[in-house]
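Colleague: I should like to learn how to read the features of a protein model. May we go through one together?

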Amino acid sequence: MMNNEKIDRELGRVIGEWYEWVLREITTKIAKDQMKEYGPELLHFVILELYNKSPEYKQQLLDDEKVPYWLLTSSGLQLRSGSSPFYRQIRQTRMAARSGDDSLDFAEYEPYDGDLYDCFTSAMENLDYYHRRLLEEKYLNNLTFTDISRKYQIAIHHLKKDTYIALEMIRKHCKHV
């Protein structure tokens with residue numbers, strides 16, 4: 001087991017290797033059209049979110065070589081959710097200030113590739129209640145596994161395993177996109 005400082009150094013190295021690719025994917029497939037200019041801010045936001053995760057979580061992402069995919073997935077979830085921290089802290093403030101309209105409705109923007117968004121939405125709808133709720137709590141409500149464990153009285157290792165299962169179901173459902 002590596003200490004947190006070594007894990008963060010390794011994480012920084014991996015992020016550096018993948019940064020340009022991840023940013024290009026975010027600006028062309030996730031935060032496109034009107035939201036494209038927010039790509040760099042969105043990526044920086046999710047990188048900070050990743051550094052705030054537990055050492056065990058970061059090490060697992062490194063071991064599984066999933067850091068760039070976590071960054072993409074988290075970026076998509078942050079951008080799409082009207083209740084996400086990114087939405088509240090960055091999008092809402094900057095977009096409303098730019099437009100001069102405090103009641104700007106971000107739901108009118110479709111930041112995703114239509115096929116990918118439709119596939120993801122369909123996959124989420126096809127999940128059973130437990131797996132769907134788990135992903136909503138973890139990624140849309142930004143709760144930690146500890147928070148979810150306390151809220152629902154489910155062991156953390158089960159939550160991690162079930163989150164992985166739910167994400168795999170979505171990946172399989174959307175592999176054609």
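Modeller: Certainly. Let us begin with one residue: at 27% relative accessibility, Trp 21 counts as partly exposed. The term applies because the value falls between the limits of under 20% for buried and over 50% for exposed. Please keep in mind that this is a predicted model.

Colleague: How should one describe a pair of aromatic rings?

Modeller: In general, two quantities are given for such a pair, the distance of the centres and the angle of the planes. In this structure the count comes to four aromatic pairs. In one of them, the ring centres of Trp 18 and Tyr 69 are 6.4 Å apart and the planes stand at 55 degrees, so the pair is tilted.

Colleague: Where in the chain do Trp 18 and Tyr 69 lie?

Modeller: Trp 18 belongs to helix H1 (residues 4-30) and Tyr 69 to helix H4 (residues 67-80), so their pairing ties together parts that are 51 residues apart in sequence. As for accessibility, Trp 18 is partly exposed at 31%, and Tyr 69 is partly exposed at 42%.

Colleague: What is the geometry of the rings of Trp 21 and Tyr 69?

Modeller: The centres of these two rings are 6.0 Å apart and the planes are at 70 degrees, so the pair is edge-to-face. The reason for the name is the angle, because planes over 60 degrees apart count as edge-to-face. This pair also links distant parts of the chain, with Trp 21 in helix H1 and Tyr 69 in helix H4, 48 residues apart. Trp 18, Trp 21 and Tyr 69 form one aromatic cluster.

Colleague: Which residues lie over the face of Tyr 57?

Modeller: Lys 53 lies over the face of Tyr 57, at 5.7 Å from the ring centre. Lys 138 also lies over the face of Tyr 57, at 5.5 Å from the ring centre.

Colleague: I have read about the backbone angle phi. What sign does phi have in most residues other than glycine?

Modeller: For most residues other than glycine, phi is negative. Glu 65 is not a glycine, yet its phi is positive, about 55 degrees. Glu 65 sits in the loop between helix H3 (55-63) and H4, and it counts as exposed at 64% relative accessibility. Gln 153, which is not a glycine either, has a positive phi of about 60 degrees. Gln 153 is in the loop between helix H8 (145-152) and H9 and is exposed, with a relative accessible area of 68%.

Colleague: Which residues form a nonpolar patch on the surface?

Modeller: The patch is formed by Tyr 164, Ile 165 and Met 169, which together have about 260 Å² of accessible area. Met 169 is part of helix H9 (residues 156-173). With a relative accessible area of 34%, Met 169 is partly exposed.

Colleague: Let us turn to the whole protein. How many helices and strands does its secondary structure contain?

Modeller: The secondary structure comes to nine helices and zero strands. Of the 177 residues, 41% count as buried. The protein exposes about 10,000 Å², and carbon and sulfur atoms supply 51% of that area.

Colleague: What share of the contacts with a separation of 6 or more comes from residues 24 or more positions apart?

Modeller: Such residues account for 67% of those contacts. The pair of Trp 18 and Tyr 69, whose residues are 51 positions apart in sequence, shows how parts of the chain can be tied together.

Key:
Residues numbered from 1 in each chain as written. Predicted model: local features only at pLDDT ≥ 70, side-chain atom pairs only at ≥ 80, totals over all residues. Heavy atoms only, no water. Patch = residues over 30% accessible without salt bridge, like charges linked within 9 Å, V, L, I, M, F, W, Y side chains within 5 Å. Areas by Shrake-Rupley, 256 points an atom, 1.4 Å probe, with all protein chains shown as cover. Salt bridge = Lys/Arg side-chain N within 4 Å of Asp/Glu carboxyl O. Helix = DSSP H or I, 4+ residues; strand = E, 2+ residues; numbered from the N terminus. Buried < 20%, exposed > 50% of the residue type's maximum accessible area, 1.4 Å probe, protein only. Phe/Tyr/Trp six-rings, centres within 6.5 Å; stacked < 30°, edge-to-face > 60°. Lys NZ or Arg CZ within 6 Å of the ring centre and 35° of its normal. Contact = heavy atoms within 4.5 Å.
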